[in-house]
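Let's take a relaxed look around this model, one piece at a time. Have the structure open and follow along.

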Amino acid sequence: MALITRGFGGRRRDDTDLPPGQYRTDDFPVLSAGPTPRIGLDRWELAVVTETGERSTWSWAEFTALPAEEPTVDIHCVTHWSKFGTRWRGVSVDTLLADVETTAEYVVAHSYGGYTTNLPLEDLLDGQAWVAYEFDGEPLVPVHGGPARLLVPHLYFWKSAKWLRALELRLDDEPGFWETAGYHNYGDPWREQRYLSD
Amino acid sequence: MPTNVGADDAPWVDGNALAGPLGEIMGTDLTVAELTCAGCRTTRPLAAMRVFDRAPGLVARCPGCEDVVMRVVRTAGRVLVDLRGSLVLSLPVPTA
Amino acid sequence: MARAAIPVRLTWQPATVAATRAETATARTLVLDVDGWTGHVPGQHVDVRLTAPDGYTAYRSYSIASAPGPDRLEVTVQAVPDGEVSPYLVDVAEPGDQLEIRGPLGGWFVRRPADPRPALLIGGGSGVAPLMSMVRAATNPTRLLYSTRSPSDALFTADLAAAQTAGDGRIAVTHVYTRVAPPGSPAPPRRLDADALARVAWPRDADAVAFVCGPTGFVETVADLLVDIGHDPTNIRTERFGPTGG
């Protein structure tokens, strides 16, 4: 146990609906493992690539013309902050995959800038995940993942890849940027799956 | 590396910031080690790399090509140092 | 030649606040007593860790501003709005309070006493802190160019003047104000530019080394200007502030 410093309060942890080890914040901390990509909407593209190499792509105009949903969700970052009641607008992953033929069980989300993260496909289906392009009624700003980011609120937020470029459907699991560097492969905040060993 | 803030500041610090987290586990000052970037093959001291420290781990990138040269993640009981972005790590021979 | 004084086993060790000194309205120097501290090389930093009663900890890195010496060191902290550690260090900590430090750290942005080369130190804002340690310890010719928005934002004003006086011609300090010049100053406020740098730079054949510390944009600009005016890029060492939430 480290020496306690008088008068240093640290973070509040008094909310009962927090996952273990989390504290509540009303800010929206910006975390980034690299420079923020700036992607012009004229050259932005979202792709879904199946295990057979079949590609479906959407331009910005096509993507934003898809039926949108407005989820309000709690988000949990592995660096211990949680933010309640975040309001988003985006396209359900169910909608993006509606016409895609696949037997894949895993997905790698690829970002502009090179970031990757892996998830089981079933965690992106049945209304659990979106590709979001508005936050709190405004276009999603680049530092928070704009033009569009993955939103998978039931997993730690590193799974919600910013600057989403493609969803790669795979038969096998391929650990992503943080999953190859010590973080948990699945990342359920309620079971506190932060690290590989958890 | 005192901390300071400005709205325009880039979200990274110098590799100097790795002296503490790495020194604690390595027992030597790795910030004077030179790394050869696997992306662009240039060589620099770790101190001169860019470290993105507002993230689940510490991510050092080459200032030339922005490729990742080192990642440091502290888990519950271990510290992982991922060096797949570096071709060579060279250290000065300690002198008494 | 001694390498950076890094302990065989680098660990957190207790430090006691011995005294505090206000430097500006938003910056404060903390004098820390550390048992067994053996000194540092000017330019090095320490990590400072705070622990709350519930076990929550946070640490940040701060340059050592004092001259090297045993059992005691000084860090100068600029309060970062909404920061987590710096507001505690600037506004709350009192003599007698205990925290933890790890260090001294970093063997790259350092000026070793045995290095005979003249030095040009260029600081922006609170980036002057590690340079202050270099000035205090200087045994060789040293020029400091210090850029702040206004005189009231400048750290160590009296200490720098005293060091210059005591330096007997070895130490020269030049202030640049980017927004507000001192009353009666003939020079208007100005950005640090190539002209201002050229006036304090050592001649090309002096084999001078440059240390630049400040906000990221400042350091990038100054390092580029130094190369433009002919400074050898391999003799420029830089240290940037991050936006880390102090």
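We can begin with a single pairing in chain A: V48(A) has S56(A), in β3(A), as its bridge partner. Keep in mind that this is a predicted model.

Now zoom out to the strands. Strand β2 of chain A covers residues 45-49, and β2 runs antiparallel to β3(A), the two being joined over five bridges.

How many strands does the open sheet have, and in what order do they come? There are five, and reading across chain A you meet β3-β2-β11-β6-β7, with mixed pairing. The sheet ends at β3 (55-59) and β7 (116-120) of chain A, edge strands that each pair on one side only. On average, neighbouring strands in this sheet are turned by 15° against each other, if you ignore direction.

Next stop, chain C. Here the chain is divided into two domains, listed below with their residue ranges and what each gives to the contact.

| Domain of chain C | Residue range | Residues in the contact |
|---|---|---|
| domain 1 | 13-105 | 13 residues |
| domain 2 | 119-239 | 13 residues |

The C-alpha centres of domain 1 and domain 2 of chain C are 24 Å apart. Which elements give two or more residues to the side of domain 1 of chain C that touches domain 2 of chain C? Those are β1 (13-24) and β5 (72-78) of chain C. As for the make-up of that side of domain 1 of chain C, its residues split into six nonpolar, six polar and one charged.

How values were computed: Residues numbered from 1 in each chain as written. Chains lettered and ligands numbered in written order. Predicted model: local features only at pLDDT ≥ 70, side-chain atom pairs only at ≥ 80, totals over all residues. Domains from an automatic or database assignment. Contact = placed C-beta atoms within 7 Å. Helix = DSSP H or I, 4+ residues; strand = E, 2+ residues; numbered from the N terminus. Nonpolar A, V, L, I, M, F, W, Y, C, P; charged D, E, K, R; others polar. Pairing = 2+ DSSP bridges. Axes fitted to C-alpha atoms, helices over the stretch in contact; angles between N-to-C directions.
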